[in-house]
Amino acid sequence: MTRFLHTADWQIGMTRHFLQGEAQARFAAARIDAIIRLGAVAREQGCEFVVVCGDVFETNQPSRQTVGRTLEALATIPVPVYLLPGNHDPLGPVTVYRSPQFLKDCPEHVHVLSSSDPVAVAEGVELIPAPWSGKHPDHDLVGAAVAAALDGPDARDTVRIVVGHGAVDALDPDRANRAAIALAPLEREIAAGRIHYVALGDRHSRTSVGDSGAVWFSGAVEVTAHRETSPGDVLVVDVEQGQAPLVTPHHVGTWAFRTLHRELSTGSDVASLAQELAALPDKDRAVVRLALRGQLGVADHADLTDLLADQGEVFASLYLWERHTTLSCTADGAELGALGLGGFLSAAAEEMRSLALAPVPATAQVDCGQDGSEQRAAEAVGGLVRAVDAAFATDDHAGGDSGLDDDAEAAGDATDLLTWEFVPQDQPDSRSATGALELLYRLSGEVTR
């Protein structure tokens with residue numbers, strides 16, 4: 001029996017648009033740390049070697065630091081490692097695998113599968129690799145490698161492990177993809193006992209393909225997108241002649257991506273969401289995408305805005321999935337009246353609210369999950385609540401807007417950060433009203449700090 005570890009899609013050097021600053025640095029470091037963790041699995045499980053089925057690096061131009069740290073991590077794996085170039089790091093003219101740094105510092109037990117020639121990895125065990133030499137192959141690389149390897153004496157006593165990268169035709173929605181890996185021929189060779197396991201990369205979700213139980217995607221070593229299922233695993237595989245392979249997943253990933261679909265209509269719903277977010281573990285390694293629906297009052301919407309701002313500081317990333325967020329804000333006259341505004345401020349707030357919530361032409365709308373002006377008005381009116389709270393925080397106010405003026409003056413140079421510009425010739429409309437409310441919203445944010 002042969003036992004080895006199957007992994008793929010490390011994509012060292014990957015960046016994500018929703019990660020900022022040190023969160024991106026931690027995400028990048030986790031992908032290199034995963035190499036050390038999978039090496040520990042290989043040692044603990046008694047694996048004879050490790051195959052990495054493509055996309056070791058995110059690109060062929062990683063930084064010197066990225067390459068150096070990757071090679072240092074590879075040096076900790078206690079068994080031979082075989083790296084297959086994939087579509088992200090193919091064996092092109094500027095491949096990372098032929099760079100002076102890689103050639104000089106690569107550990108002796110780490111081998112690049114640079115051709116489709118079979119590679120003996122142990123007595124009676126060989127790999128059939130299918131490396132990428134460019135980003136757009138025009139044929140099935142795995143099928144061609146297997147056909148060439150089997151075009152010779154039929155060595156029935158050899159265990160053959162195919163190492164490939166790419167989409168399998170049975171799962172690929174692009175039926176015109178000439179590079180798709182044909183599953184049926186592989187299944188026939190498995191049934192005939194001429195190949196024994198097909199280790200694949202490219203699909204970031206751990207996936208068994210076909211009916212034989214011998215064709216697997218290991219999935220990405222760390223999660224890369226919300227749509228992935230069972231990422232962060234490596235596979236320990238037992239293979240022997242005449243037996244179906246035994247495949248055992250081991251989890252090495254430390255990051256988690258979550259999508260929360262929630263309906264919000266009351267302050268209690270906002271409080272429940274706050275409790276749910278607070279209970280999530282490992283926030284520094286969690287990316288949370290929120291799809292929110294419903295309708296909130298001004299105060300509740302302001303509480304939600306504060307919640308997302310506060311929790312956004314502790315999660316690696318917390319953001320609204322705008323295409324699936326249809327959350328609106330009701331700002332009726334009764335609620336504004338309950339704020340205790342007096343005189344000009346009350347009349348101005350009501351006028352701005354009415355204008356901001358007025359319909360806008362379709363050409364002026366933006367794709368933000370709801371009507372553009374309504375979204376901006378919701379945020380601005382929520383800011384109005386916080387401004388009023390700050391301005392009338394004491395019990396001695398009897399109405400009027402002098403308290404707000406005092407707080408605005410106390411903000412000092414905060415107005416330098418504001419970019420709203422008054423244009424005299426423009427007629428009042430929903431956009432100008434929203435701009436005025438946004439000005440108040442931004443100012444109140446500085447006042448309440």
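In the predicted model described here, helices H1 and H2, the latter formed by residues 64-74, pack with their axes 8 Å apart and at an angle of about 20°. Because angles under 35 degrees count as roughly parallel, this value makes H1 roughly parallel to H2. The crossing in which H1 passes H2 is right-handed. On the side of H1, the residues that take part in the contact are Ala-29, Ile-32, Asp-33, Ile-35 and Ile-36, and they meet Thr-66, Arg-69, Thr-70, Ala-73 and Leu-74 of H2.

This helix pair belongs to a chain whose secondary structure comes to 12 helices and 16 strands. Of its 449 residues, 50% count as buried. When contacts between residues at least 6 apart in sequence are considered, 73% of them join residues that are at least 24 apart.

Aromatic rings provide examples of such links across the sequence, and eight aromatic pairs are found in the structure. In one of them, the ring centres of Phe-18 and Tyr-319 are 5.8 Å apart and the ring planes lie at 15°, so the pair is classed as stacked. Phe-18 is located in the loop between strand E1 (2-7) and helix H1 (22-44), whereas Tyr-319 belongs to strand E15 (residues 317-320), so that the pair ties together parts of the chain 301 residues apart in sequence. The two partners are assigned to separate classes of accessibility: Phe-18, with a relative accessible area of 13%, is buried, while Tyr-319, with a relative accessible area of 23%, is partly exposed.

A further aromatic pair is formed by Phe-49 and Tyr-82, which are arranged edge-to-face, with 6.2 Å from centre to centre and 85° between the planes. This pair also links distant parts of the chain, since Phe-49 lies in the loop between H1 and strand E2 (50-52) and Tyr-82 in strand E3 (residues 81-83), 33 residues apart. Phe-49 is buried, its relative accessible area being 1%, and Tyr-82 likewise counts as buried, at 8% relative accessibility. Phe-49 and Tyr-82 are moreover members of a cluster, in which ring pairs link them with Phe-4 and Tyr-197. Elsewhere, an aromatic ring is accompanied by a charged group, as the charged end of Arg-289 sits over the ring of Trp-321, 3.5 Å from the centre of that ring.

Two members of the aromatic cluster, Phe-4 and Tyr-197, recur in the surroundings of Val-247, a residue of strand E12 (residues 246-251). Val-247 counts as buried, at 17% relative accessibility. Although Val-247 and Phe-4 are 243 residues apart along the chain, their C-alpha atoms are separated by 10.0 Å. Tyr-197 is in contact with Val-247, as are Gly-213, Trp-216, Leu-235, Val-236 and Val-237, when neighbours within four places in sequence are left aside.

A buried position is also found outside the helices and strands, at Thr-158, which lies in the loop between helix H4 (141-149) and strand E7 (159-165). The relative accessible area of Thr-158 is 13%, and because buried means under 20%, Thr-158 is assigned to the buried class. Apart from residues up to four places away in sequence, Thr-158 touches Gly-124, Glu-126, His-196 and Gln-241.

Notes: Residues are numbered from 1 along each chain as its sequence is written. This is a predicted model: local features need pLDDT of at least 70, side-chain atom pairs count only at pLDDT 80 or more; totals for chains, interfaces and linings use all residues. Side-chain values use heavy atoms; hydrogens and water are left out. Rings of Phe, Tyr and Trp (its six-membered ring) pair if their centres lie within 6.5 Å; planes under 30 degrees apart count as stacked, over 60 as edge-to-face and the rest as tilted. Helices (H or I, at least four residues) and strands (E, at least two) are DSSP runs, numbered from the N terminus. Buried means under 20% relative accessible area, exposed over 50%, partly exposed in between (1.4 Å probe, protein chains only). A charge sits over a ring if NZ of Lys or CZ of Arg is within 6 Å of the ring centre and within 35 degrees of the ring normal. Axes are lines fitted to C-alpha atoms, for helices over the stretch in contact, and angles run from 0 to 180 degrees between N-to-C directions. Angles under 35 degrees count as roughly parallel, over 145 as roughly antiparallel, 65 to 115 as roughly perpendicular and the rest as oblique. A crossing is left-handed if the near helix is turned anticlockwise from the far one by less than a right angle, and right-handed if clockwise. Contact means heavy atoms within 4.5 Å.
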